[in-house]
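Reader: I'm new to this one, and I'd like a close look at just one part. Please take me through any enclosed empty space, then through whatever sits around that part.

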Amino acid sequence: MTNDSPERALGMLLRKLKLPTFQAQHAEISSRAEREGWSFGQALLHLCEMEIEERGQRRIARLLKASELPAEKTIATLDRRKLSPKVRSQLASLCEGGFLNRAENVLVFGLPGRGKTHLCAAVGHELVRRGHAVLFIPTYQLVQQLLRAKRDLVLERELARLDGFDAVILDDIGYVQQDRDEMEVLFTFLAERYERRSVLITSNLVFSQWDRIFKDPMTTAAAVDRLVHHAVIVEMTGPSVRGQEAQERNGVRDGITAPTSGTTTTTTNDNYQPDGEM
């Protein structure tokens, strides 16, 4: 037996049991129970519910920190009025997260500035809110991480770490121009997740141009085949979101398209279609 008071002894036991909300709230809940005539079971149930809720919030906070999602690119900041009706419908379904259970991929195509990154990041935030582990990473950065792991003979370990994420969002795959070593580690990553885990990919390149990424027709075909086998394809059309925002900042009237420079696009047609759509 300890010489500590019951209050102090209870606090120590709750710390050992790793019940911080219990520890912080039990005195207040005990007083409330006495005032309102709660039974012991009612007070205990209330404390358990508080502990579970706080634990869930702490887990979501950890998942959000680990996700590296852009903090500002959420559903709340996404102007859904600028999305086509089909994309709005797809967005609602994707945010529910059912595609993760089916190990489906999400492939988001469109010209630069159409909001591909924002849409995927917004979906990522909603998935985290539902308790899913998500990683947002530019494709070039993932490739460099995998190359370092291969050089250090820990590629298998790094792939296992990435496998802990229910969804990996690869941003701007179309801007990556890899040499053979880079192409091989990216292909290995995609093949490892095939039919087991989901990837969300943004690209300004249609499938027929993916040989710029994977360098040879056989590897390109194999990569595309794996990605589209179980996939949701989202087409971002319409005017450039960034261009419209620049017009609004500069007070340019509607209907005038702001010029863009220094950007390589695959087509000038706003009715952008990823060939090979499944």
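Author: Let's start with the word itself: on a 1 Å grid over the protein atoms alone, a cavity is a set of points where a 1.4 Å probe fits but cannot get out, and its lining residues have an atom within 4 Å of a point. Points are joined across faces, edges and corners, and the volume is the space filled by probe spheres set on them. What you're looking at is a predicted model, where local features need pLDDT of at least 70, side-chain atom pairs count only at pLDDT 80 or more, and totals for chains, interfaces and linings use all residues. Residues are numbered from 1 along each chain as its sequence is written, and side-chain values use heavy atoms, with hydrogens and water left out.

So, to your empty space. The count comes to 1 cavity of 30 Å³ or more, and the largest cavity has a volume of about 60 Å³. Its walls are made by Asn105, Leu190, Arg193, Tyr194, Arg197, Val199, Arg226 and Leu227. Sorted by class, that lining has 4 nonpolar, 1 polar and 3 charged residues (Ala, Val, Leu, Ile, Met, Phe, Trp, Tyr, Cys and Pro are nonpolar, Asp, Glu, Lys and Arg charged, the others polar). Two helices, α9 (180-193) and α11 (217-229), each supply at least two of the lining residues. Helices here are DSSP runs of H or I with at least four residues, strands are E runs of at least two, and both are numbered from the N terminus.

Two of the lining residues, Tyr194 and Arg226, also meet in another way. Arg226 lies over the face of Tyr194, 5.9 Å from the ring centre (that takes CZ of Arg, or NZ of Lys, within 6 Å of the centre and within 35 degrees of the ring normal).

Now have a look at strand β1 (residues 105-110). Its number range takes in Asn105 from the cavity lining. Leu107 is in strand β1 too, and at 1% relative accessibility Leu107 is buried (under 20% relative accessible area, while exposed is over 50%, with a 1.4 Å probe and protein chains only). The C-alpha atoms of Leu107 and Val232 are separated by 6.2 Å, though the two are 125 residues apart along the chain.

β1 also brings us to the rings. The whole structure has 4 aromatic pairs, meaning Phe, Tyr or Trp (six-membered) rings with centres within 6.5 Å: stacked if the planes are under 30 degrees apart, edge-to-face if over 60, tilted otherwise. Phe109 and Trp210 have ring centres 6.4 Å apart and planes at 35°, so they make a tilted pair. That pair joins distant parts of the chain: Phe109 sits in β1, while Trp210 is 101 residues away in the loop between β4 (198-203) and α10 (211-214). Phe109 is buried at 1% relative accessibility, and Trp210 is buried at 0%. Trp210 pairs with Phe207 as well, with centres 5.3 Å apart and planes at 70°, so this one is edge-to-face. Phe207 is buried, just like Trp210. Put together, ring pairs link Phe109, Phe207, Trp210 and Phe214 into a cluster.

One more stop, at the loop between α5 (98-101) and β1, where you'll find Ala103. Its phi is near 55°, a positive value in a residue other than glycine, and Ala103 is buried at 9% relative accessible area. Lys18 has a positive phi of about 55° too, but its place is the loop between α1 (6-16) and α2 (20-36), and Lys18 is exposed at 65%.

How values were computed
On a 1 Å grid over the protein atoms alone, a cavity is a set of points where a 1.4 Å probe fits but cannot get out, and a pocket is an open set with protein on both sides within 12 Å along at least five of seven lines; lining residues have an atom within 4 Å of a point.
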